[in-house]
Every structure is written in structure tokens, then in C-alpha cells.
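Colleague: Could we go through this model together? I would like to begin with the ground rules and then look at some residues.

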Amino acid sequence: MAGADENTMLLNMLSVVATLSTVSMFLIGIPICAGVVRRRTSEGISIAPYAMCVVSCFFWLQYGILKRDRIVILINLIGFCLEVVYFFVLYMYSRRKSSLHALAGAMTAICACLVYYLRLNARYDSTLDRLGTMCLILNVLNFASPLAVLREVMETKSTELLPKPIIIVNLLVSAQWYLYGHLVGDPYMKIPNMIGHNKRHDCR
């Protein structure tokens with residue numbers, strides 16, 4: 001009983017810490033977007049991490065709803081709303097709006113397909129596992145998305161284009177969600193965050 005109580009207490013504490021850390025990570029986009037508005041251009045800022053995060057948060061939000069995990073729902077609802085705003089700001093100040101139209105369309109189509117799929121299959125037990133697998137894959141891709149500018153970094157020999165704050169904070173947040181996934185016995189949270197933590201650590 002004592003061990004179970006300790007695990008419950010640890011899980012509750014970790015839920016609070018991970019929630020605050022993750023929301024703080026999402027808020028990193030505010031000063032970045034403020035700089036974009038001030039310069040009136042999003043040139044030199046990769047929009048890939050924001051686009052990937054929009055889709056990832058939406059999938060995890062649906063996962064949380066299906067699993068009835070209030071922590072997952074809360075965090076990803078906040079993340080989804082913020083990332084959509086960031087994407088819109090970067091879009092408004094981008095000189096390559098035509099390519100972003102296609103990206104936004106693809107993001108919308110992917111999310112719409114998921115909603116349609118869940119509407120047809122939400123009653124099946126296997127749906128949660130399938131959605132969890134999708135979220136796992138998206139998480140791994142999400143961890144890699146900040147590296148989308150590596151080619152430009154190598155060409156310019158400058159690391160200023162890398163979203164360093166996002167990479168560093170993700171390292172800490174990944175470790176917390178790995179532990180959370182371990183405590184609740186959820187491999188779909190545990191595995192990608194273990195990969196993400198190792199990837200961020202290697203990037204340092």
C-alpha cells in the first residue's frame with residue numbers, strides 16, 4: 001500500500017511539473033513571433049517545427065480524449081491553440097505564402113482524416129492502440145522537425161537558424177513525459193520521449 005501511495009503521489013507531482021514545463025515550452029514561441037512581428041518578416045525561421053507541432057498536438061489531443069486522460073487533453077489543447085497562432089503569425093509575415101498554403105492544406109486534411117477515422121472506429125478497442133502508434137510516430141517526427149534547417153545551417157555555417165531554446169526545453173520535457181509514460185504504463189508516451197530525450201542530448 002505504501003508503495004502504491006508513493007507512486008500515486010509521484011505521479012501527481014510529475015503531472016503538475018510536466019504540465020507546467022510543457023506549457024512553458026509552448027510559450028517559447030511568443031518571443032519568437034514577437035520578433036517576427038517586430039521585423040515584419042519570418043525569413044530565416046523554419047516553420048516546420050510549428051506545423052509538425054500543430055498536427056502532433058491535435059493527434060495527442062484526440063488520444064487523450066479517447067483515453068480520458070485529462071492531463072494529456074489539457075496540455076495538448078493548450079499546445080494546439082498556441083501552435084496554430086504561431087503558424088498563422090509566421091504565415092502572415094512569410095514571403096513564401098504559396099508553399100505555406102499547401103502545407104496548411106495538408107495539415108488540415110490530415111487532422112480531418114483523423115476525425116473521420118475516429119468517428120467511424122472510436123468504439124473499437126484497437127483504435128486507441130492504432131491512434132497511439134500514430135502519435136508515437138508523430139512525436140518522433142516532431143523531435144526531428146527542428147533539424148529541418150540543418151542544410152541551411154551547413155551552407156551558411158551559422159547555427160543561429162536552429163531553434164535552440166526549443167531543443168533545450170524539449171530535452172527536459174521529454175525526460176518528464178518519459179517518466180510519466182513509465183508510471184502510467186503507456187508505451188506510446190514512453191517510447192518517443194525516450195527517443196526524443198536521447199536525440200536532444202546528442203544534439204548538444
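Modeller: The turns below cover the ground rules, a salt bridge, the nonpolar core, aromatic pairs and a loop.

Colleague: What kind of model is this?

Modeller: This is a predicted model, in which local features need pLDDT of at least 70, side-chain atom pairs count only at pLDDT 80 or more, and totals for chains, interfaces and linings use all residues. Residues are numbered from 1 along each chain as its sequence is written, and side-chain values use heavy atoms, with hydrogens and water left out.

Colleague: How many salt bridges are there?

Modeller: The count comes to one salt bridge, a term for a side-chain nitrogen of Lys or Arg within 4 Å of a carboxyl oxygen of Asp or Glu. Asp186 pairs in this way with Lys67, and their closest N and O atoms are 2.5 Å apart.

Colleague: Which parts does that pair tie together?

Modeller: Lys67 belongs to helix H3 (residues 48-67) and Asp186 to the loop between helix H8 (164-184) and helix H9 (187-203), so the pair ties together parts that are 119 residues apart in sequence. Helices (H or I, at least four residues) and strands (E, at least two) are DSSP runs, numbered from the N terminus.

Colleague: Are Asp186 and Lys67 buried or exposed?

Modeller: Buried means under 20% relative accessible area, exposed over 50%, and partly exposed in between (1.4 Å probe, protein chains only). Asp186 counts as buried because its relative accessibility is 2%, whereas Lys67, at 30%, counts as partly exposed.

Colleague: New topic: which residues touch the most other members of the largest nonpolar core?

Modeller: A nonpolar core is a set of buried Ala, Val, Leu, Ile, Met, Phe, Trp, Tyr and Cys residues joined through side-chain atoms within 4.5 Å. The largest one has 39 residues, and Phe59, Trp60, Tyr63 and Leu131 touch the most other members. The largest share of this core, 10 residues, comes from H3.

Colleague: What does Phe59 touch?

Modeller: Leaving aside residues up to four places away in sequence, Phe59 touches Ile110, Leu114, Leu131, Met134, Cys135 and Leu138. Contact here means heavy atoms within 4.5 Å.

Colleague: And how many aromatic pairs are there?

Modeller: The count is five aromatic pairs. Rings of Phe, Tyr and Trp (its six-membered ring) pair if their centres lie within 6.5 Å; planes under 30 degrees apart count as stacked, over 60 as edge-to-face and the rest as tilted. One of the pairs is Tyr50 with Tyr86, which is edge-to-face at 6.2 Å centre to centre and 80° between the planes. Tyr50 lies in helix H3 and Tyr86 in helix H4, so this pair ties together parts that are 36 residues apart in sequence. Both Tyr50 and Tyr86 are buried.

Colleague: Why is the pair of Tyr63 and Tyr188 edge-to-face?

Modeller: The ring centres of Tyr63 and Tyr188 are 6.3 Å apart and the planes stand at 75°, so the pair is edge-to-face. Tyr63 is in helix H3 and Tyr188 in helix H9, so the pair ties together parts that are 125 residues apart in sequence. Ring pairs also link Trp60, Tyr63 and Tyr188 into a cluster.

Colleague: Last one: where is Ser94?

Modeller: Ser94 sits in the loop between H4 and helix H5 (97-121). Ser94 counts as buried because its relative accessibility is 12%. A polar atom of the Ser94 side chain lies 3.0 Å from the backbone nitrogen of Arg96.

Methods. A polar contact is a pair of N or O atoms within 3.5 Å; within protein, one must be able to donate a hydrogen and the other to accept it, and residues adjacent in sequence count only if both atoms are side-chain atoms.
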